[in-house]
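Please read through the sequence once and then turn the structure slowly on the screen before going on. The paragraphs below will then take you from the overall layout to individual residues.

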Amino acid sequence: MNIEYATLQRQGHVDALRSKEVAYAIAGGLVGCIAITYIQWSSVGRLQTVLPWTTICDSGQAVAAASTIDRAGDTGQGRNSRGRTSLSFAIDVSGQLLDRFPGTARKNIIDVSSNGTNNDGYR
């Protein structure tokens, strides 16, 4: 992943968490809160937890989560643009993260953002 794509993907998540629309959606939900974790991944075994499980119930918490992602997210700098990508690894790890969620959830969602061709791991 090149630096521009890495920044664009990360910034989209950051901007969403900072938006009024997302704050209204969270507040208007059944519980009024969500819990999220944010990971970045590439090939099998290459994973970074940028934001551990975090509860968001108001815009201040959403902005704080966005700031963590913005500050700690991987820029892709120094990485070979012809690296390996494993969508199955990302989904498997995400399932494990859902299993380890320290609370109770009515709904579980895995949102995968990728720009690579699945060329590593299970296909």
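What follows is a walk through a predicted model, beginning with the chain as a whole and then moving through its helices, its cores and a few single residues.

The chain contains 4 helices and 2 strands, and if you follow the sequence from its start, these elements come in the order α-α-β-β-α-α. Of its 123 residues, 28% count as buried, while the chain as a whole exposes about 8,000 Å², of which carbon and sulfur atoms supply 51%. It is also worth asking how the chain's contacts are spread along the sequence: among those with a separation of 6 or more, 67% are between residues 24 or more positions apart.

Helix α1 is a good place to begin. Its 16 residues should span 22 Å at 1.5 Å a residue, and since its end C-alpha atoms are 22 Å apart, the expectation and the model agree. Which residues of α1 are buried? They are Ala6, Arg10, Val14 and Leu17, and when you look down the axis of the helix, these buried residues fall within an arc of 55°, so they line one face of α1. The face turned away from this buried side carries Glu4 and Leu8, which are exposed. On the buried side, the residues of α1 pack against strand β1, which covers residues 34-41, against strand β2, which covers residues 47-56, and against helix α3.

Helix α3 can be read in a similar manner. With 14 residues at 1.5 Å a residue, α3 should span 20 Å, and its end C-alpha atoms are indeed 20 Å apart, which agrees. The buried residues of α3 are Ala62, Ala65, Ala66, Thr68 and Ile69, and because they cover an arc of only 155° around the axis, they lie on the same side of the helix. The elements that cover these buried residues include α1, β1 and β2. Ala64 also belongs to α3, but this residue counts as partly exposed, because its relative accessibility is 43% and the partly exposed range runs between 20% and 50%. The C-alpha atom of Ala64 is separated by 10.0 Å from that of Thr54, a residue 10 positions away along the chain.

The contacts between these elements lead to the nonpolar cores. The largest nonpolar core has 12 residues, including Val14, Leu17, Ile36, Tyr38, Val50, Leu51, Ala66 and Ile69. Two or more residues of this core are given by each of α1, β1, β2 and α3, and the largest share, 4 residues, comes from α3. Apart from this core lies another, of 6 residues, among them Ile39, Phe89, Ala90 and Leu97. Within the largest core, Val14 shows how residues from separate parts of the sequence meet, for if its neighbours within four places in sequence are left aside, Val14 is in contact with Ala66, Ile69 and Asp70.

Tyr38 is another member of the largest core, and its place is in strand β1. Is Tyr38 buried or exposed? At 11% relative accessibility, Tyr38 counts as buried, because buried means under 20%. Leaving aside its neighbours within four places in sequence, Tyr38 is in contact with several residues, among them Gln9, Arg10, His13, Val50, Leu51 and Ile69. The C-alpha atoms of Tyr38 and Asp111 are 9.7 Å apart in space, although the two residues are 73 apart in sequence.

A search of the whole structure finds 1 salt bridge, which Arg18 forms with Asp70, the closest N and O atoms being 3.9 Å apart. Because Arg18 lies in helix α1 and Asp70 in helix α3, the pair ties together parts of the chain that are 52 residues apart in sequence. Both partners count as partly exposed, Arg18 with a relative accessible area of 38% and Asp70 with one of 32%.

Finally, consider Cys57, which sits in the loop between β2 and α3. At 33% relative accessibility, Cys57 counts as partly exposed. Not counting residues up to four places away in sequence, Cys57 touches Gly32 and Cys33, and its C-alpha atom is 8.5 Å from that of Ala23, a residue 34 positions away in sequence.

Conventions:
Residues are numbered from 1 along each chain as its sequence is written. This is a predicted model: local features need pLDDT of at least 70, side-chain atom pairs count only at pLDDT 80 or more; totals for chains, interfaces and linings use all residues. Side-chain values use heavy atoms; hydrogens and water are left out. A salt bridge is a side-chain nitrogen of Lys or Arg within 4 Å of a carboxyl oxygen of Asp or Glu. Buried means under 20% relative accessible area, exposed over 50%, partly exposed in between (1.4 Å probe, protein chains only). Contact means heavy atoms within 4.5 Å. Accessible areas come from the Shrake-Rupley method with a 1.4 Å probe; for residues, only the protein chains shown count as cover. The expected span of a helix is 1.5 Å times one less than its number of residues. The arc is that of the directions from the helix axis to the C-beta atoms. A nonpolar core is a set of buried Ala, Val, Leu, Ile, Met, Phe, Trp, Tyr and Cys residues joined through side-chain atoms within 4.5 Å.
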